[in-house]
Amino acid sequence: MNAIPTRRLSVPPDAAPTPPPVRPRYNPVEVIEGAAPSRLRHVALSLGTATLVALVLGAHPLGDWVNGLPINPVTDRLSGWVQTWQDWTDAIGAGRLYTGLQGLFRWFQGLRL
Amino acid sequence: MLFPTLNFGLFFLIVFAAAWALARFPQGRVAFLSAASYVFYGWWDWRYLFLLGGSTLFNYLAGHAIVRQETPARRKLAVSLAVAVNLGVLAFFKYADFTSHAVNDTATFLGLPVRLGFLDMVVPVGISFFTFHGISYLVDLYRGTLRRPASLMHLVLYISFFPQLVAGPIVRASHFLPQIGERPDPDDIRATRAYLLIMGGLFKKVVVANYLATDLVDAVFMDPDRYGALDLLLATYGYAMQIYCDFSAYTDIAIGLAALLGFRFPQNFDQPYRSGSLREFWRRWHISLSSWLRDYLYIPLGGNRGGTWKHCRNLMITMLLGGLWHGANWTFVIWGALHGGMLVVEHLVNRLRAITIGEWEAPPLLGWRRGLAIVATFHFVCFTWIFFRSPTLEVAGRFLAGFGRWQVLPTAATPLTLLLIAGTLASQFLPTDRLARIEDGVRRLPAALLGPAMGAVVGLAVVLIQACAPEGVAPFIYFQF
């Protein structure tokens, strides 16, 4: 099975078959080939749900992002809203998943051999 | 604007909503996606928008000039000139200072009073990629793969489409332009596959590539003299996994984003570290670039025609230029030369094997021989990454010299970095239909629950990845090329 068949060539090397010339060809494999199709309304619903879940569970990074924006009256107001949102998600316990996982990961990152 | 940022997330949600709202108005949709792509690119530095726009306009005019020529010789001349202009602009931005350095060094060595100045330019992000797209358009037009020149608006979108603009995959004009002309089908969005690609890409970039860089690779490559052989070996493996995760993450996310907007991109990575030969490696690594180099450089040079010597010469030239494309540094030249040299050796060995059995191609290795070949290929590729990653040849030399320090105990590796290296390596041997299998499992959910369930998983995954992320996100490695 694994052995490569070898035998002495009975013809001189010049007479051995030569590979055909390589020609330009382009028939690329597409990663999404054969993937199941979804309808736009399902995709829109899933993106909306994803955004909502990320906002509820990820209020802390949202706060970090807002704090990194240039300071002006609009971002000041936005910062206030995000702070209120963050307090609310903390109050219902949604923010714990983020901080808990972050703490666990930092602990593992800090381990040494 | 980097993919794994909230800025980009907001940008994409707006683009997604508007692009599908304009689905019934093809011209409006193309114009909107082009404008969004220019906003995306201008986010880095708006001044380079003129370069992008100028390159597109030039290729548009050159395309018309090529098809207007009446004789094959004149068409060939026109396409050659147009490609030369594209390459000239690329060379100016990427290699002007490198050339000055080389000329000055040579002049000093020869004792000549020559001193060229330096421009100290920042290479525009993605210049290689939009130049390659321009060349693909011109050559496809010349070869007849594209039947007629694209409209200016279609060409603007082809060259600037934001998912692939700055780091690929390199999408051929003949593959993408027809898609722009099609009306997108809102009932045929490959969303589940797209989400899997985007989530996987985010994890590979934000967690794997970033931590391998910050916790292992950067420190060891910055000062290799401080480390023993085991640390250097782990840093080499670490960089092999880092660059794979970094680059494949970008293209996976790009493919996923394009799919959500109704476009199809070619595959760019196919578990490259499971390759049993360097030839196979280049069929699995940065597939869109290697096939681009094959079709637009290697074959015009003569390819495998004209005997063994010319074949080997063409392989070497292609890989040397492929190496130099990565940047104006001798380390990339050495990297390309090593790959070219090994491809030549492989070709000669395979030719010998083929002649021995009277065939034109040697049979593939199987069983334990293939296992050995995979290990050997992986280590050769890792060896070449040392040159690729080192800032200078001198650092690469010190890095290689460090492999003699076997008595020094390892200090750089941590359980996290070891886990990331082992996990990434193991992922190379997962079944090739892994995405389809996951997708099948997901799609067993009732249709009404599918959208919200997918969304909840995507939202949760984004938060979990963000929780594990280091402070800030490093740019993708291939942005500099």
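At what angle do the axes of helix α13 (residues 307–325) of chain B and helix α14 (residues 330–357) of chain B cross? I opened my notebook with that one, keeping in mind that this is a predicted model.

**Entry 1: α13 and α14 of chain B**

I found that the two axes cross at roughly 155° and come within 7 Å. That makes α13(B) roughly antiparallel to α14(B), since angles over 145 degrees count that way. I noted the crossing as right-handed. From α13(B), the residues in the contact include B:H311, B:C312, B:L315, B:M319 and B:G323. From α14(B), I picked out B:W335, B:G336, B:H339, B:G340 and B:H347, among others. I then sorted the residues of this contact by type and got 12 nonpolar, 8 polar and 1 charged.

**Entry 2: α10 and α15 of chain B**

Next I looked at how α10(B) packs with helix α15 (residues 367–389) of chain B, and the angle came out at about 80° with the axes 9 Å apart. The two helices are therefore roughly perpendicular to each other. On the α10(B) side I listed B:T236, B:Y237, B:Y239, B:A240 and B:I243, which meet B:V381, B:C382, B:W385, B:I386 and B:R389 of α15(B). This contact divides into 8 nonpolar residues, 1 polar and 1 charged.

**Entry 3: the largest nonpolar core**

Which residues touch the most other members of the largest nonpolar core? I wrote down B:L138, B:Y158, B:L212, B:A235, B:M241 and B:I253, out of 141 residues in that core. I met α10(B) again here, as it gives the most to this core, with 20 residues. I followed B:L138 a little further and, leaving aside neighbours within four places in sequence, found it in contact with B:N59, B:A62, B:G63, B:I66, B:V79, B:A82 and B:V83.

**Entry 4: helix α6 of chain B**

Why is α6(B) described as largely enclosed by the rest of the structure? I checked its residues, 152–160, and 7 of the 9 are buried, so the description fits. The buried ones are B:H154, B:L155, B:V156, B:L157, B:Y158, B:I159 and B:S160. I also asked what covers them, and my list includes α2 (26–42), α3 (48–68), α5 (127–143), α7 (162–165) and α8 (173–181) of chain B.

I took B:L155 as my sample residue from this helix. B:L155 has 23 C-beta neighbours inside 10 Å and so counts as buried, because the cut-off for that is 20 or more. Not counting residues up to four places away in sequence, B:L155 touches B:T56, B:N59, B:Y60, B:Y137 and B:A150. For B:Y137, I noted a separation of 18 residues in sequence and 8.6 Å in space, C-alpha to C-alpha.

**Entry 5: two positive phi values**

Most residues other than glycine have a negative phi, and I went looking for exceptions. B:Q271 has a positive phi of about 45°, and I located B:Q271 in the loop between α10 (229–260) and α11 (278–284) of chain B. With 17 C-beta neighbours inside 10 Å, B:Q271 counts as partly exposed.

B:H286 also went into this entry, with a positive phi near 40°. I placed B:H286 in the loop between α11 and α12 (287–301) of chain B. Is B:H286 buried or exposed? I counted 21 other C-beta atoms within 10 Å, so B:H286 is buried.

**Entry 6: chain A and its contact with chain B**

I turned to chain A and found 4 helices and 0 strands. Of its 113 residues, 14% count as buried.

How many residues does each chain bring to the contact? I got 63 from chain B and 54 from chain A. On the side of chain B that touches chain A, helix α19 (residues 447–468) supplies the largest share, 15 residues. That side of chain B divides into 35 nonpolar, 15 polar and 13 charged residues.

I finished with one helix pair across the chains. Helix α1 (residues 40–57) of chain A and α19(B) have axes that come within 7 Å and cross at roughly 35°. I recorded this crossing as right-handed. The contact includes A:L45, A:G48, A:T49, A:L52 and A:V53 of α1(A), with B:G451, B:G455, B:V458, B:G459 and B:V462 among the residues of α19(B). My tally for this pair was 15 nonpolar, 8 polar and no charged residues.

Key
Residues are numbered from 1 along each chain as its sequence is written. Chains are lettered from A and ligands numbered from 1 in the order in which they are written. This is a predicted model: local features need pLDDT of at least 70, side-chain atom pairs count only at pLDDT 80 or more; totals for chains, interfaces and linings use all residues. Two residues are in contact if their C-beta atoms, placed from the backbone, lie within 7 Å. Ala, Val, Leu, Ile, Met, Phe, Trp, Tyr, Cys and Pro count as nonpolar, Asp, Glu, Lys and Arg as charged, and the others, Gly among them, as polar. A residue is buried if 20 or more other C-beta atoms lie within 10 Å of its own, exposed if 12 or fewer, and partly exposed in between; C-beta atoms are placed from the backbone. A nonpolar core is a set of buried Ala, Val, Leu, Ile, Met, Phe, Trp, Tyr and Cys residues joined through C-beta atoms within 7 Å. Axes are lines fitted to C-alpha atoms, for helices over the stretch in contact, and angles run from 0 to 180 degrees between N-to-C directions. A crossing is left-handed if the near helix is turned anticlockwise from the far one by less than a right angle, and right-handed if clockwise. Angles under 35 degrees count as roughly parallel, over 145 as roughly antiparallel, 65 to 115 as roughly perpendicular and the rest as oblique.
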